[in-house]
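Trainee: Could you take me through one part of this model up close? I'd like to look at the pockets and what lines them.

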Amino acid sequence: RFLSAVHPRAKCEEGYRRAAASALNCILPLIGSLRIDKLRRRDIENARDKLSLRYKPNTVRSAMRPLGAALTWAVQQDLIAQSPMYKIVRPRLEYSHERLTTEEASALLAEAKRNAPKNVRAHCLFIGISLALRLGLRRGEIFGLRWEDVDLKGRRLTVARSFDALPKNGKVR
């Protein structure tokens with residue numbers, strides 16, 4: 001019921017539902033057989049600990065986030081009195097420090113450029129890699145570009161949308 005409910009704070013409700021359903025698929029096999037009114041804090045902690053044996057901390061956090069939202073929604077709907085997720089410690093957020101060095105980025109761009117004349121797909125790949133490396137565009141923003149976003153005379157590119165929604169921060173840039 002939570003997934004089919006209206007989520008007014010979600011930028012794209014359908015995208016939110018897909019992401020939440022995907023994340024819940026990790027944790028629901030561990031707790032999904034329990035009725036919501038029988039779900040206890042220790043059940044969620046046990047599920048978190050089992051997930052931590054199989055997945056990296058950020059994946060476990062991502063699986064727990066929509067569960068917390070669903071349980072908060074259940075409280076708001078008077079299905080349960082209090083969320084058993086209240087004050088459950090989630091795994092520490094890990095930041096990726098993997099970045100291409102200048103040399104690696106140059107080599108990637110050079111290889112993409114070398115392959116570009118071979119076919120349309122290789123040429124499109126070169127353009128995408130170039131936009132990502134040179135302008136810092138995300139994949140969805142690259143796929144969301146339209147000719148109207150390109151000003152060749154002014155040498156300006158406007159990121160007005162992602163592939164199927166607004167850019168990540170919700171603002172045109």
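Mentor: Sure. A quick definition to start: a helix here is a DSSP run of H or I with at least four residues, and helices are numbered from the N terminus. With that in hand, and bearing in mind that this is a predicted model, go to helix α5, which is where histidine 123 sits. Histidine 123 counts as partly exposed because its relative accessible area is 39%, and partly exposed covers what falls between under 20% for buried and over 50% for exposed. From histidine 123 to valine 150 you cover 27 residues in sequence and 18 Å in space, C-alpha to C-alpha.

Now for the largest pocket. It holds about 500 Å³ of space, and 15 residues line it, with Cys124, Ile127, Gly128, Leu131 and Ile142 nearest its centre. Two elements give two or more residues to that lining, α5 (120-135) and α6 (139-143). The top contributor is α5, with six residues. By character, the lining of the largest pocket splits into 11 nonpolar residues, three charged and one polar.

Then there's the second largest pocket, with a volume of about 390 Å³. Its lining counts 19 residues, and Phe2, Leu28, Ile36, Leu67 and Ala70 are the ones nearest the centre. Here the elements giving two or more residues are α1 (13-31) and α3 (57-76). As for chemistry, the lining of the second largest pocket has 15 nonpolar residues, two polar and two charged.

Notes: Residues numbered from 1 in each chain as written. Predicted model: local features only at pLDDT ≥ 70, side-chain atom pairs only at ≥ 80, totals over all residues. Heavy atoms only, no water. 1 Å grid on protein atoms, 1.4 Å probe; cavity = no way out; pocket = protein on both sides within 12 Å on 5 of 7 lines; lining within 4 Å. Points joined across faces, edges and corners; volume = space filled by probe spheres on them. Nonpolar A, V, L, I, M, F, W, Y, C, P; charged D, E, K, R; others polar. Buried < 20%, exposed > 50% of the residue type's maximum accessible area, 1.4 Å probe, protein only.
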